[in-house]
Number of protein chains: 2
Amino acid sequence: MAKKVTGPEIERLIQLLARVPGLGPRSARRAALHMIKKKEQLLGPLAAAMSEANDRVGLCSTCGNADTSDPCTICSDPTRDQSVIIVVEDVSDLWALERAAAMNAAYHVLGGTLSPLDGVGPEDLAISQLVDRVSAGGVRELLIAVNATVEGQTTAHYIIDQLGDFDVRITRLAHGVPVGGELDYLDEGTLAAAIRSRTSF
Amino acid sequence: MAKKVTGPEIERLIQLLARVPGLGPRSARRAALHMIKKKEQLLGPLAAAMSEANDRVGLCSTCGNADTSDPCTICSDPTRDQSVIIVVEDVSDLWALERAAAMNAAYHVLGGTLSPLDGVGPEDLAISQLVDRVSAGGVRELLIAVNATVEGQTTAHYIIDQLGDFDVRITRLAHGVPVGGELDYLDEGTLAAAIRSRTSF
């Protein structure tokens, strides 16, 4: 702003909020003002929740999930089939797959994909930890649920190479038409995969 | 989520973030995850900034601006012309006008507009406080910068009625074509106002 209209505390709050994904400089200002107006209902509780998350949340040393306990809620859940590990790039992928609620398994977060151009090598990802988990035994299946991108598939093949000696079933997600998707808007690769993997009514 | 994948602290953070304007349930989850990954740079500082804002920010008892000091930065600024008061509906309007940096004046935040259907009467707005400020003397001009809506204009006329006895110049914002605006997309009322208020090159 051209002149000071308010104290530095609010400006600082706006600047930090503008760095939250989904908010820009303009919406950060709107959000800050809304919070200040709803101090009791929003600003106070949110400050407390953030402070608690900042103090207590970390990454699970086994699977890489973000949680307040280590091992995390998933790794220490006795009702989950810990012999099946779903390998994902990011914690957000783990959460997305959990929302689908299709599989009651354990996870392993890689923390990214191999990308030589960006200087991301195998040692930057949690691949050796995955090999350790498999070699420790008790793992029946590894579902490699990386993104269907070139980097994701390269990473998948690298992991499969590393695990060649182990007696473990390695699977991947099916390709096909998204539920609710319109054929007209889909790319040829997806349509070809959906035709090849067609199923009977 | 169908099953618990993480502690209640993160779920609570996501739920609170989803109530911030500009974020929905999905982007709140993404924002929370981003913050957890950037604890040092974002989550910690943001928690501290919110906590400080929660402790220290209030509304100025003179003009209604949100600030950490009372009277606020604007009301206690000796370089501003405190004899000109810009009357706005909301703090966000005050901030918007300050970004334009067109006038070095004081403000008065009404806190809304008259709206009998919603049960908002004159006693719910800071109108009597405005009359008090004017009757205390030293006010030369009142720029009523409410929104160009029916409620805004009704409120403006009510305020003008209340101030009929005072020797103060009452002005309003000009109507016209927005800078950068295309005539084709403007409504007839705006175009008619722009023609009536045309100026010489």
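This is a friendly dialogue on reading a predicted model with chains A and B.

Reader: Let me begin with the two chains. How are chain A and chain B related by a turn and a shift?

Author: Here is the general idea: two copies of a chain are related by a rotation about an axis and a shift along it. In this predicted model, a turn of 180 degrees with a shift of 0.0 Å along the axis lays chain A on chain B, with an RMSD of 0.1 Å. The two copies are thus related as by a two-fold rotation axis.

Reader: Which residue of chain A comes closest to the rotation axis?

Author: Look for Ala47(A), whose C-alpha is 2.5 Å from the axis. The same surface serves both copies, since 100% of the contact residues of chain A recur in chain B.

Reader: How many residues are in contact, and what area is buried between the chains?

Author: On the side of chain A there are 61 residues in contact with 61 residues of chain B. About 5600 Å² is buried between the two chains, and carbon and sulfur atoms give 67% of that area.

Reader: What about charges? How many salt bridges are found across the interface of chain A and chain B?

Author: The general idea is that side chains of opposite charge can pair when their charged atoms come close. Across this interface the rule finds four salt bridges. One of them joins Asp90(A) to Lys37(B), with the closest N and O atoms 2.7 Å apart. There are also twelve residue pairs in polar contact across the interface, both residues being at pLDDT 80 or more.

Reader: Which elements of chain A each supply at least two residues of the side that touches chain B?

Author: Helices H1 (8-17), H2 (25-37), H3 (39-56) and H4 (91-100) do, and so does strand S2 (66-67). H3(A) gives the largest share, 15 residues. By kind, the residues on this side of chain A divide into 29 nonpolar, 14 polar and 18 charged.

Reader: Back to salt bridges: how many does a search of the whole structure find?

Author: Over all chains, the search finds 14. A good one to look at within chain A is the pair Glu52(A) and Arg56(A), whose closest N and O atoms are 3.5 Å apart. Both residues lie in helix H3 of chain A, four residues apart, which is about one turn of the helix.

Reader: Now the backbone. Where is a cis peptide bond in chain A, and where is one in chain B?

Author: As general background, most residues other than glycine have a negative phi, and most peptide bonds are trans. In chain A, a cis peptide bond joins Asp70(A) and Pro71(A), with omega about 0 degrees. Pro71(A) sits in the loop between S2 and strand S3 (81-88) of chain A. In chain B, a cis peptide bond joins Asp70(B) and Pro71(B), with omega about 5 degrees, and Pro71(B) lies in the loop between strands S2 (66-67) and S3 (81-88) of that chain.

Reader: And which residue has a positive phi although it is not a glycine?

Author: Ala101(A) does, with a phi of about 50 degrees. You can find Ala101(A) in the loop between H4 and strand S4 (105-109) of chain A.

Reader: Last, what does UniProt list for residues 60-75 and residues 83-178 of chain A?

Author: In an unreviewed entry, UniProt places "zinc finger region: C4-type" at residues 60-75 of chain A. In the model, that span is 0% helix and 12% strand, and its end C-alpha atoms lie 8 Å apart. For residues 83-178, UniProt lists "domain: Toprim", also from an unreviewed entry. That span is 33% helix and 20% strand, with its end C-alpha atoms 28 Å apart.

Note on methods: Residues are numbered from 1 along each chain as its sequence is written. Chains are lettered from A and ligands numbered from 1 in the order in which they are written. This is a predicted model: local features need pLDDT of at least 70, side-chain atom pairs count only at pLDDT 80 or more; totals for chains, interfaces and linings use all residues. Side-chain values use heavy atoms; hydrogens and water are left out. Copies are superposed by least squares on the C-alpha atoms of residues with pLDDT of at least 70 in both. Contact means heavy atoms within 4.5 Å. Buried area is the accessible area (1.4 Å probe) that two parts lose on being put together, summed over both. A salt bridge is a side-chain nitrogen of Lys or Arg within 4 Å of a carboxyl oxygen of Asp or Glu. A polar contact is a pair of N or O atoms within 3.5 Å; within protein, one must be able to donate a hydrogen and the other to accept it, and residues adjacent in sequence count only if both atoms are side-chain atoms. Ala, Val, Leu, Ile, Met, Phe, Trp, Tyr, Cys and Pro count as nonpolar, Asp, Glu, Lys and Arg as charged, and the others, Gly among them, as polar. UniProt positions are given in the numbering used here, feature names are shortened, and annotations may be inferred rather than shown by experiment.
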